Amino acid sequence: MADKLNFVMISPHFPANFETFAHRLYESGINTLGIADVPYEQLSEGLRQHLTEYYRVDDMQDYDEVYRAVGYFAHKYGRIDRVESHNEFWLELDASLRTDFNVFGFKNEDMLAIKTKRQMKEVFRRQGLKVAAGDTFKTDQEAKELAQKLGFPIIVKPNSGVGASDTYKLKTAEELDLFLASRSAHVDYIMEEFVDGDIITFDGLADHDGKIVFYSSLEHSEAVLDTVVNGTDMYYFLPREIDPKLVALGKKCVSAFNIKERFFHFEFFCIRETGEIIPLEVNCRPPGGLTIDMWNYANDFDIFKEYVNVVKENHFKADSHRPYNVFYISRRDDMNYKHSLDEVRQYFGQHLVSITSVPGVFSAIMGKDGIIGRCPERETMRDLIRFAQEKV
């Protein structure tokens with residue numbers, strides 16, 4: 001057993017499309033060791049078949065319990081080689097386990113820079129990169145003084161948080177007062193100037209030495225925050241052509257945050273008036289939703305298998321030539337669409353990849369139904385998006 005890698009997967013069942021990581025690890029001969037709080041019988045059959053062993057804990061938030069689970073695996077299988085969840089929620093748990101079991105990857109001391117937006121800004125600044133002005137605040141008075149300094153509108157969000165949850169665009173002093181009166185006392189917030197720009201991303205995978213072996217990008221129809229607040233239709237896509245300026249900035253960030261043998265998802269503002277690109281935040285995990293599957297559709301490869309190739313051999317073997325633009329279209333349950341899903345299926349033809357129902361927890365952003373399509377030309381993509389979201 002000593003010649004086998006021992007890979008501990010934290011919460012391998014969530015999200016469901018990440019289960020494929022376990023499949024590929026197990027198929028490659030790696031001891032794939034799962035830890036979660038779900039009864040074994042409730043795991044999917046595919047996941048049960050692709051775990052070497054599963055350890056159920058009562059509470060994933062109880063560190064001692066999870067620590068004992070990893071200790072059990074170490075006693076039975078030998079030295080633990082990797083601990084990974086690929087999930088923002090468990091980044092700190094992953095890091096604590098790596099620290100205590102001396103496993104390769106981010107440790108406790110790395111968390112401040114990759115989890116808190118204020119510290120991210122400092123890392124960006126040290127690289128000579130411009131960032132949106134802003135800072136954390138403790139008291140109501142500090143918040144009001146900071147807002148006066150930044151000027152309305154302002155953005156307020158958790159200093160450590162995921163996506164657009166608990167994020168507010170405040171346009172007046174009155175709106176700030178309302179926020180301060182209702183804010184959670186247990187959350188550390190950061191306030192930033194509002195930047196009028198489109199969010200674009202630089203996403204990918206770095207190898208064991210920190211070299212980028214695959215990269216992609218995301219462009220959105222509108223800011224995720226606007227989708228949540230306004231309850232509007234949304235689409236996003238992986239473009240075939242990626243701005244060289246974005247690639248250069250992304251490479252700087254991978255180096256600055258010391259990202260090795262892991263996925264990354266960097267968000268940037270592209271200023272509408274000037275085209276200038278400035279960093280917003282860093283996420284040291286794959287993009288959410290179905291984006292990781294969309295990488296496969298854009299390139300006709302298996303990113304899960306390539307990740308395992310990097311873990312085992314530090315070698316990404318597939319060709320990433322992006323023959324397709326791949327796009328995700330949301331359809332909400334409160335919209336009166338002109339065309340049924342069957343009509344969408346017929347209209348898309350060979351350009352349709354899938355139509356899936358979105359779990360409730362994600363539907364505020366991703367819609368009730370998600371349509372994924374792909375095509376080489378942007379004009380065709382725009383036409384398909386128009387058809388799928390056309391209203392009566």
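Q: How many salt bridges does the count come to?
A: The count comes to 29 salt bridges. The model is a predicted one.

Q: What makes Arg 56 and Asp 58 a salt bridge?
A: The side chains of Arg 56 and Asp 58 meet at 3.4 Å, N to O. The cut-off is within 4 Å, from a side-chain nitrogen of Lys or Arg to a carboxyl oxygen of Asp or Glu. The pair is therefore called a salt bridge.

Q: Why is Asp 58 called exposed, and why is Arg 56 called partly exposed?
A: Exposed means over 50% relative accessible area, and buried means under 20%. Asp 58 has 60% relative accessibility, so Asp 58 counts as exposed. Arg 56 has a relative accessible area of 41%, which lies in between, so Arg 56 is partly exposed.

Q: How do you know that Lys 121 and Glu 192 form a salt bridge?
A: Their side chains meet at 2.8 Å, N to O. That is within 4 Å, so the pair counts as a salt bridge.

Q: What makes this a link between distant parts of the chain?
A: Lys 121 is in helix H6 (residues 117–126). Glu 192 is in strand S8 (residues 189–193). The two residues are 71 residues apart.

Q: Why are Lys 121 and Glu 192 called buried?
A: Buried means under 20% relative accessible area. Lys 121 has 4% relative accessibility. Glu 192 has 3%. Both values are under 20%, so Lys 121 and Glu 192 count as buried.

Q: What makes Asp 233 and Lys 391 a salt bridge?
A: The N to O value for these side chains is 2.4 Å. This is within 4 Å, so the pair is a salt bridge. The pair also links distant parts of the chain, 158 residues apart. Asp 233 is in the loop between helix H9 (224–230) and strand S11 (235–238). Lys 391 is in the segment after helix H15 (378–389).

Q: Is Asp 233 buried or exposed, and what of Lys 391?
A: Asp 233 has 13% relative accessibility, under 20%, so Asp 233 counts as buried. Lys 391 has a relative accessible area of 33%, between 20% and 50%, so Lys 391 is partly exposed.

Q: Which residues are linked in a network of salt bridges?
A: They are Lys 338, Asp 383, Arg 386 and Glu 390.

Q: What makes S3 and S4 edge strands?
A: Each pairs on one side only. The open sheet has 4 strands in the order S3-S2-S1-S4, with parallel pairing. Neighbouring strands are turned by 20° against each other on average, direction ignored.

Q: How do you know that S1 and S4 pair?
A: Pairing needs at least two bridges. Strand S1 (residues 6–10) is joined to S4 by 3 bridges, so the two strands pair. Phe 7 stands opposite Arg 82 in S4.

Q: Which strand gives the largest share of the lining of the largest cavity?
A: Strand S4 (residues 82–84) does, with 3 residues. The lining also includes Phe 7, Arg 98 and Tyr 307. About 80 Å³ of space lies in this cavity.

Q: How many residues of each class line the largest cavity?
A: The lining has 4 nonpolar, 1 polar and 6 charged residues.

Q: What is the volume of the second largest cavity, and what classes line it?
A: The volume is about 40 Å³. The lining divides into 6 nonpolar, 3 polar and 1 charged. Among its residues are Met 9, Phe 14 and Glu 84.

Notes. Residues are numbered from 1 along each chain as its sequence is written. This is a predicted model: local features need pLDDT of at least 70, side-chain atom pairs count only at pLDDT 80 or more; totals for chains, interfaces and linings use all residues. Side-chain values use heavy atoms; hydrogens and water are left out. On a 1 Å grid over the protein atoms alone, a cavity is a set of points where a 1.4 Å probe fits but cannot get out, and a pocket is an open set with protein on both sides within 12 Å along at least five of seven lines; lining residues have an atom within 4 Å of a point. Grid points are joined across faces, edges and corners, and a volume is the space filled by probe spheres set on the points. Ala, Val, Leu, Ile, Met, Phe, Trp, Tyr, Cys and Pro count as nonpolar, Asp, Glu, Lys and Arg as charged, and the others, Gly among them, as polar. Buried means under 20% relative accessible area, exposed over 50%, partly exposed in between (1.4 Å probe, protein chains only). Axes are lines fitted to C-alpha atoms, for helices over the stretch in contact, and angles run from 0 to 180 degrees between N-to-C directions.
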